[in-house]
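Me: I've got this chain open in the viewer and I'd like to talk it through. Can we go over the fold, the core and any holes in it?

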Amino acid sequence: KNDFMVEKISVQNIPPRVVMKMDIEMGEWLVFPDLLTSGVLCRAIDVVLGEFHLKSHEGEYPIRFAHRGNWTLESYEEAAVLKDEMFGMVERNPNCRTKLVVGDDESYGQDGMPWPEPAEPTMS
């Protein structure tokens, strides 16, 4: 049982059907815009829990996404504005059922459970 998720979902006061945890270390810059512009986010996902990273390491800007037609985030400030605009599009849209819950739960690293071990390759 993850108390963080239970707490964050219960305060939304909705019975979620589809919950997406998104903590993909800058990969949300690729996933979130596609979910938003395709309509899948607002149509199919009830709750998004997770982080939206503005930087992963100091001095990393500009960040180029070559496979997106050389799309570039020039600065931390530009990234922050774009994130706020995308979140605002979701929050202000009366036809969007998605609730955004921003936060990061790293408790899995302190739950006493061992980390998974890499599988040994098998020879057939």
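Reply: Sure, and keep in mind that this is a predicted model. The chain has four helices and five strands. Fire away.

Me: In what order do the elements of the chain run from the N terminus on?

Reply: There are four helices and five strands to place. Reading from the N terminus, the order is α-β-α-α-β-β-β-α-β.

Me: What share of the contacts with a separation of 6 or more comes from residues 24 or more positions apart?

Reply: For background, the chain has 124 residues, and 32% of them are buried. Among contacts with a separation of 6 or more, the share from residues 24 or more positions apart is 69%.

Me: Let's do the strands. Which strands does β2 pair with, and how do they run?

Reply: On one side, four bridges join β2 to β1, with M20 opposite V48 and K21 opposite L49. Four bridges also join β2 to β5, where V47 stands opposite K99. So far as direction goes, β1 and β2 run parallel, and so do β2 and β5. The partners are β1 and β5, both parallel to β2.

Me: Which side chains of β1 are buried?

Reply: The side chains alternate along this strand. V19 and K21 point to one face and are not buried. Those pointing to the other face are buried, namely M20 and M22.

Me: And for β2, which residues point the other way from V47 and L49?

Reply: In β2, V47 and L49 point one way, and they are buried. The residues pointing the other way are buried too: V48 and G50.

Me: Zoom in on V48. Is V48 buried or exposed, and at what relative accessible area?

Reply: V48 sits in strand β2. Leaving out residues up to four places away in sequence, V48 touches M20, M22, L41, T98, K99, L100 and V101. Its C-alpha is 6.9 Å from that of M22, although the two are 26 residues apart along the chain. The cut-off for buried is under 20%, so V48 counts as buried, at 5%.

Me: Now α2. Why do its buried residues end up on the same side of the helix?

Reply: The residues in question are E28, W29, F32, P33, L35 and L36, in a helix that covers residues 28–38. They lie on the same side of α2 because the arc they cover around the axis is only 160°.

Me: What do those buried residues of α2 pack against?

Reply: Both helices and strands are on the list. The helices are α3 (40–44) and α4 (76–92). The strands are β1 (19–22), β3 (63–65), β4 (71–73) and β5.

Me: Which residue just after α2 takes a positive phi?

Reply: Look right after the end of the helix. The phi there is about 90°, and the residue is G39.

Me: Over to α4. What relative accessible area does A79 have?

Reply: A79 lies in helix α4 and touches W29, L54, Y61 and L73, with residues up to four places away in sequence not counted. Its C-alpha is 9.7 Å from that of I63, 16 residues apart in sequence. A79 is buried, with a relative accessible area of 0%.

Me: K83 is in α4 too. Does K83 count as buried or exposed?

Reply: K83 touches W29, F52 and L54, again not counting residues up to four places away in sequence. Buried means under 20%, and K83 has 17% relative accessibility, so the label is buried.

Me: How about T72 in β4, buried or exposed?

Reply: Apart from residues up to four places away in sequence, T72 touches P62, I63, R64 and E78. Its relative accessibility is 19%, so with the cut-off at under 20%, T72 counts as buried.

Me: Last topic, holes. How many cavities of 30 Å³ or more are there, and how much space lies in the largest cavity?

Reply: Searching the whole structure at 30 Å³ or more turns up one cavity. The space in the largest cavity is about 70 Å³.

Me: Which elements give two or more residues to the lining of the largest cavity?

Reply: The lining consists of M22, F32, V48, L49, G50, E51, F52, F87, L100, V101 and V102. By class, that is nine nonpolar, one polar and one charged. The elements giving two or more residues are β2 (47–50) and β5 (99–102).

Technical notes: Residues numbered from 1 in each chain as written. Predicted model: local features only at pLDDT ≥ 70, side-chain atom pairs only at ≥ 80, totals over all residues. Heavy atoms only, no water. 1 Å grid on protein atoms, 1.4 Å probe; cavity = no way out; pocket = protein on both sides within 12 Å on 5 of 7 lines; lining within 4 Å. Points joined across faces, edges and corners; volume = space filled by probe spheres on them. Nonpolar A, V, L, I, M, F, W, Y, C, P; charged D, E, K, R; others polar. Buried < 20%, exposed > 50% of the residue type's maximum accessible area, 1.4 Å probe, protein only. Arc of directions from axis to C-beta. Contact = heavy atoms within 4.5 Å. Pairing = 2+ DSSP bridges.
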